[in-house]
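In these notebook entries I record what I looked up, in the order in which I took each topic.

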There are 2 protein chains.
Amino acid sequence: MKKTMLAAIGVLAAGIALAQQAQKPEDLIKFRQAGYKFMAWNTGRIKANLEGSYNKDEVAKAANVIAAVANSGMGALYAPGTDKAVGNAHTHVKPELFTDKEGVGKVAVAFNKEANELAKVAATGDAGAVKVQFGKLVEACKACHKDYRVEEKNEH
Amino acid sequence: MKKTMLAAIGVLAAGIALAQQAQKPEDLIKFRQAGYKFMAWNTGRIKANLEGSYNKDEVAKAANVIAAVANSGMGALYAPGTDKAVGNAHTHVKPELFTDKEGVGKVAVAFNKEANELAKVAATGDAGAVKVQFGKLVEACKACHKDYRVEEKNEH
């Protein structure tokens with residue numbers, strides 16, 4: 001009985017260790033950066049479609065994936081310990097993102113709203129409407145970057 | 001008139017240069033890696049939910065974003081010039097991915113099918129069915145890795 005208990009505790013401890021390992025701050029930083037990077041590919045595709053030959057399906061796919069990333073619950077990737085470079089993960093996040101909950105909530109809600117609206121508009125194939133809504137999404141991105149991200153030179 | 005033409009050509013050339021710059025092979029490699037990395041966060045979340053406390057909404061969000069990435073048309077990110085390390089982008093891709101069109105088509109279609117099915121099943125909140133379908137998705141990932149990816153030690 002004691003052995004079984006000890007074994008159970010061992011399995012539990014191993015499980016917790018595994019969960020903690022999967023939640024290392026540097027991993028969280030890399031996961032969130034991957035989300036933004038993948039969104040950047042897709043905002044770039046929408047921009048290219050708006051400026052060149054417009055492919056309804058490509059824009060719809062791109063808008064869908066941006067909305068899905070926006071809705072994925074990325075807030076969880078801003079856990080304690082992810083506010084500065086750790087391991088081989090760097091971050092552009094400003095300290096304010098971890099303290100200004102009200103402000104962060106506002107930009108996050110605005111971003112989700114515009115991303116979901118863009119997915120809806122993109123499904124209609126109306127390039128003019130997509131252009132207007134895409135502009136709103138970009139503004140939502142910029143609003144968050146302005147307050148909570150240290151921008152690199154020549155990035156925009 | 002000549003000046004206007006020259007100016008127009010200049011703008012066009014700048015536009016093309018910009019488009020080409022946005023499509024640099026190293027950028028394409030980084031974009032596709034971001035897609036897989038973000039999917040990895042989400043497969044990890046689903047796994048954690050199946051092994052621990054099951055949160056229907058979190059699993060649905062994770063499955064949705066995996067499906068959206070799968071449907072995003074990532075094939076375009078395997079353009080010529082992205083078959084080996086370039087600039088500061090490394091890649092695990094095997095040369096066969098660029099030559100075995102039929103085989104790649106099969107694993108890609110299978111992956112999309114399982115990802116879309118997982119999103120559907122996750123929406124029902126049936127943890128048992130999610131477990132079965134998640135297993136199928138993981139097999140689809142592995143099938144592609146086996147043939148077309150140089151796996152790192154200790155990665156799985």
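**Entry 1. How the two copies are related**

I began with what a comparison of copies needs: they are superposed by least squares on the C-alpha atoms of residues with pLDDT of at least 70 in both. I note at once that the model is a predicted one.

I then looked up the operation that brings chain A onto chain B. It is a rotation of 180° with 0.0 Å of shift along its axis, and the RMSD of the superposition is 0.0 Å. This is the relation of a two-fold axis. I asked which C-alpha of chain A is nearest the axis. It belongs to A:A34, and it is 2.1 Å from the axis. I also noted that the same surface serves both copies, since 100% of the contact residues of chain A recur in chain B.

**Entry 2. The interface of chain A and chain B**

I looked up the contacts next. In chain A, 19 residues are in contact with 19 residues of chain B. The two chains bury about 1,700 Å² between them, and carbon and sulfur atoms give 76% of that area. Which residues of chain A lose the most area to chain B? They are A:F31, A:F38 and A:W41, which together make up 34% of what that side buries.

I then searched for charged and polar pairs. Between chain A and chain B the count of salt bridges is zero. The search for polar contacts across this interface gave two residue pairs, both at pLDDT 80 or more. As to the helices, helix 2 (25-51) and helix 3 (56-70) of chain A each supply at least two residues of the side that touches chain B. Helix 2 of chain A gives the most to that side, with nine residues.

**Entry 3. A residue of helix 2 in chain B**

I turned to B:N42, whose place is in helix 2 (residues 25-51) of chain B. Is B:N42 buried or exposed? Its relative accessible area is 0%, and buried means under 20%, so B:N42 counts as buried. Leaving aside neighbours within four places in sequence, I found B:N42 in contact with B:A62, B:V65 and B:I66.

**Entry 4. A phenylalanine of helix 4 in chain A**

I next looked up A:F111, which is found in helix 4 of chain A. With a relative accessible area of 14%, A:F111 is buried. When neighbours within four places in sequence are left aside, the residues in contact with A:F111 are A:M39, A:A70, A:L137, A:A140 and A:C141. For one of these partners, A:A70, I also looked up the separation from A:F111: 41 residues in sequence and 7.4 Å in space, C-alpha to C-alpha.

**Entry 5. Cysteines**

A:C141 led me to the cysteines. A disulfide is a covalent bond between the sulfur atoms of two cysteines. The count over all chains is zero disulfides. For A:C141, the nearest cysteine sulfur is that of A:C144, at 8.5 Å. The cut-off for a disulfide is 2.5 Å between the sulfur atoms, so A:C141 is in no disulfide. A:C144 is likewise in no disulfide, as its nearest cysteine sulfur is that of A:C141. I recorded the accessibility of both residues. A:C141 counts as partly exposed at 24% relative accessibility, and A:C144 is partly exposed with a relative accessible area of 24%.

**Entry 6. Salt bridges**

My last search was for salt bridges in the whole structure, and it found 12 over all chains. I looked up three of the pairs.

The pair A:K106 and A:E102 forms a salt bridge with its closest N and O atoms 4.0 Å apart. Where do A:K106 and A:E102 lie? Both are in helix 4 (residues 101-124) of chain A, four residues apart, which is about one turn of the helix. A:K106 is exposed, and A:E102 is exposed too.

In the second pair, the side chains of A:R149 and A:E151 meet in a salt bridge at 2.9 Å, N to O. A:E151 is partly exposed, at 31% relative accessibility.

In the third pair, the salt bridge joins the side chains of B:E114 and B:K113 at 3.5 Å, N to O. Here B:E114 is buried, with a relative accessible area of 13%, whereas B:K113 is exposed, at 54% relative accessibility.

Definitions and conventions. Residues numbered from 1 in each chain as written. Chains lettered and ligands numbered in written order. Heavy atoms only, no water. Buried < 20%, exposed > 50% of the residue type's maximum accessible area, 1.4 Å probe, protein only. Contact = heavy atoms within 4.5 Å. Buried area = accessible area lost by both parts, 1.4 Å probe. Polar contact = N/O pair within 3.5 Å; in protein donor to acceptor, adjacent residues only side chain to side chain.
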